[in-house]
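Student: I would like a close look at one part only: the strand pairing in chain B. Could you take me through it step by step?

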Amino acid sequence: MRFDDILTFTGKTLSSARKRTWLMLLAMSIGVGSVVILTALGEGARRYVTKEFSNLGTHLLIVLPGRVETSGGHPPLIGGTPRDLTLNDAMALGRSSSIRLVAPVILGSAPVSYRQLERDITVLGSTAELLPVRKLELGQGRFLPAGDPSRESAVTVIGNKLKKELFGGKSALGKWVRIHDRRFRIIGVLKPLGQSLGMDLGDVAIVPVASAQSLFDTQTLFRILIQANGREAIPRAEKSVIEIIRERHDGDEDVTVVTQNALLSTFDGIFRSLTYAVAGIAAVSLGVAGILIMNVMLVSISQRTAEIGLLKALGSPSGQILRLFLVEAGMLSAAGAFIGILIALAGVWALDRAFPAFPLSVPVWALAAAVAVALFTGLLFGVLPARRAAELDPVQALSGK
Amino acid sequence: MIRVQSLNRTFKVGDEAVHALRELNLDIDSGEYIAIMGPSGSGKSTLLNVLGLLDRPDSGKYLLDGIDTVTLPEDNRAAVRRTHIGFVFQSFHLIPRLTAAENIALPMMLAGTDPGLRRKRVQAILESLGLEDRAHHRPDQLSGGQRQRVAIARATVMEPTLLLADEPTGNLDIHSGEEVMTTLEALNKGGITLLVVTHDPDIAARARRHIHMVDGAVVEDRKT
């Protein structure tokens with residue numbers, strides 16, 4: 001039998017049993033559609049997170065005070081409270097050849113006021129290196145001046161949102177603001193940068209680290225941010241940091257070094273697994289669709305025994321009957337997959353419009369996989385009914401069993 | 001063209017065995033017009049099914065146009081059905097979603113014939129049966145007599161040598177039945193061997209040879 005005739009014949013069969021066909025199409029399209037949409041969501045989440053981490057900096061290492069790991073077995077022989085990270089510790093790190101830039105960070109919150117307007121914001125104390133290390137961008141003016149980090153200076157760089165709140169459309173450069181009880185002169189305004197590492201970069205004021213130390217009356221650093229000398233230098237930089245700090249802290253390895261790489265790949269891996277898991281769950285609905293197709297086809301065949309008997313009487317061999325019904329199952333799967341993909345693409349488009357910040361995209365592998373699984377499911381679950389049809393005894397079939 | 005020797009066919013109905021065909025012997029020449037009669041359970045339908053290669057006998061020989069059909073594998077039997085045999089059923093068995101023309105073309109479509117050839121052949125048959133204006137009607141838009149004649153067209157579109165009709169007028173009124181029998185007889189005059197299974201004596205009377213069956217065996221076989 002010619003293939004185009006098989007398609008026409010099967011197509012007529014399916015379109016004449018309208019309700020039945022639409023039911024099976026619905027099941028299959030829901031299955032395929034949900035796999036594709038959920039995969040797109042998972043992929044979007046992964047991309048969002050990895051993009052956020054990539055935007056933190058280049059070859060970034062973060063040094064935190066205190067050891068986060070705990071070793072198993074006996075209680076630590078050396079231990080107790082971790083030592084503070086000091087500015088001198090940070091400066092010492094700059095000696096390593098695998099480290100290009102060091103930016104000490106102090107974090108606090110304080111009210112900032114200009115004339116009668118006041119706002120509670122996050123205050124960051126750091127050095128000029130913070131700009132390249134954290135990939136910050138200036139909208140106006142300049143950043144903190146380079147120089148001896150132990151020297152105080154009454155200058156500040158503020159975030160875009162803070163500038164708008166306090167100054168509206170007017171220029172903020174050169175104006176004096178009050179942070180706590182101190183006055184600082186605005187020398188720069190950041191570009192709108194949004195959220196980063198949980199901090200809203202629109203609502204910050206960045207001051208020199210020494211000024212922050214006296215503002216918050218503390219010597220200890222919140223973090224030390226480091227830019228390594230290149231991707232290959234990151235592991236060496238990590239080692240250097242631990243060695244140098246250990247040396248300075250009397251043999252205590254009481255810091256934790258987190259590399260941006262490690263973070264990135266961890267989260268990348270987590271989100272990939274999440275996406276596969278979610279897609280797998282959605283694929284269960286594909287399996288259900290396949291079972292539905294099988295059952296509906298079995299019913300259809302039991303109602304069409306006379307027709308099958310006729311085809312055999314007309315000289316159609318069993319193999320041809322098998323093929324006809326497999327094509328029927330295949331056509332249903334393909335059509336259902338197609339509709340499901342259309343629904344999924346429409347859904348993704350709608351979600352993309354509603355949440356533009358979220359990088360939604362349908363990965364091509366998900367589309368191909370969904371269609372392949374749909375076809376496979378349809379054919380697999382179509383085999384049983386098709387064989388049932390092919391093995392019908394024509395005499396009994398024609399007499400209506 | 002048909003040679004049947006010692007044909008046996010037994011069915012299991014519940015616990016009992018029913019001997020539908022007992023040591024049946026039969027010779028049929030090309031072009032004959034035969035009526036097969038008998039009470040229900042006599043095996044006449046079984047005989048028709050065996051002759052039509054729809055059923056395989058348990059033992060015996062069946063030669064059709066010189067082909068030893070009993071030993072043929074199933075796919076070959078299907079091929080012989082396709083090219084040598086045409087069926088006409090009491091309940092027509094037209095596919096309801098296809099038009100008359102599509103129903104008639106069905107055997108050719110199953111055989112993989114080129115669409116252009118199909119169209120020509122279907123057109124020719126429709127004309128010869130006077131059914132051209134019904135070509136694009138579905139079975140539910142046709143009268144009983146027209147349906148059966150479409151079925152006959154389908155049965156003969158592959159130009160078989162043997163035409164088997166099982167109670168062809170059973171579902172028709174007298175007038176339509178007359179139309180159908182006339183059509184069948186015209187085909188027989190053209191050279192096709194015609195076997196009609198019937199319990200209607202008026203229909204049987206039209207045939208040139210009568211075979212009477214009782215309990216799986218031939219009790220009477222006379223030419224008129």
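Tutor: Happy to. Two strands count as paired here if DSSP finds at least two bridges between them. Please keep in mind that this is a predicted model.

Let us start with the sheet of four strands. It is open, its order is S2-S1-S4-S5 in chain B, and the pairing is antiparallel. At its edges stand strand S2 (16-28) and strand S5 (67-68) of chain B. Each of these two has a single partner strand, so one side of each is left without a neighbour in the sheet. In the order of the sheet, S1(B) comes between S2(B) and S4(B). For a closer view of the middle, take strand S1 (residues 2-13) and strand S4 (residues 59-64) of chain B: five bridges hold this antiparallel pair together. To find the register in your viewer, look for B:Val4, which stands opposite B:Tyr62 in S4(B). Packed on this sheet is helix H1 (residues 44-51) of chain B, which touches S1, S2 and S4 of chain B. The direction of H1(B) makes about 60° with that of S2(B).

Now for the other sheet. It is also open, but it has six strands, in the order S6-S7-S8-S3-S9-S10 of chain B, and its pairing is mixed. Strand S6 (85-88) and S10 of chain B are the edge strands, each pairing on one side only. Between neighbouring strands of this sheet the average turn is 15°, with direction ignored.

Why can a sheet be mixed? Strands pair through backbone hydrogen bonds, and they may do so either parallel or antiparallel. Both senses can be seen on the two sides of S9(B). On one side, strand S3 (residues 33-37) of chain B pairs with S9(B) in the parallel sense, over four bridges. Here B:Ile36 is the residue opposite B:Ile211 of S9(B). H1(B) appears again at this sheet: it packs against S3, strand S7 (162-166), strand S8 (193-197) and S9 of chain B, with its direction at about 150° to that of S8(B). H1(B) therefore has contacts with strands of both sheets, S1, S2 and S4 of chain B in the four-stranded one and S3, S7, S8 and S9 of chain B in the six-stranded one. A further helix, H6 (residues 174-189) of chain B, lies across S3, S7 and S8 of chain B and also runs at about 150° to S8(B).

On the other side of S9(B) the pairing is antiparallel: strand S9 (residues 209-214) and strand S10 (residues 217-223) of chain B are joined by six bridges. One of the partnerships to look for is that of B:His212 with B:Glu220 in S10(B). S9(B) and S10(B) form a hairpin, and two residues lie between these strands. In the turn you will find B:Asp215, whose phi is positive, at about 55°. From there S10(B) takes you to the edge of the sheet, where it pairs on one side only.

Technical notes: Residues numbered from 1 in each chain as written. Chains lettered and ligands numbered in written order. Predicted model: local features only at pLDDT ≥ 70, side-chain atom pairs only at ≥ 80, totals over all residues. Contact = placed C-beta atoms within 7 Å. Axes fitted to C-alpha atoms, helices over the stretch in contact; angles between N-to-C directions.
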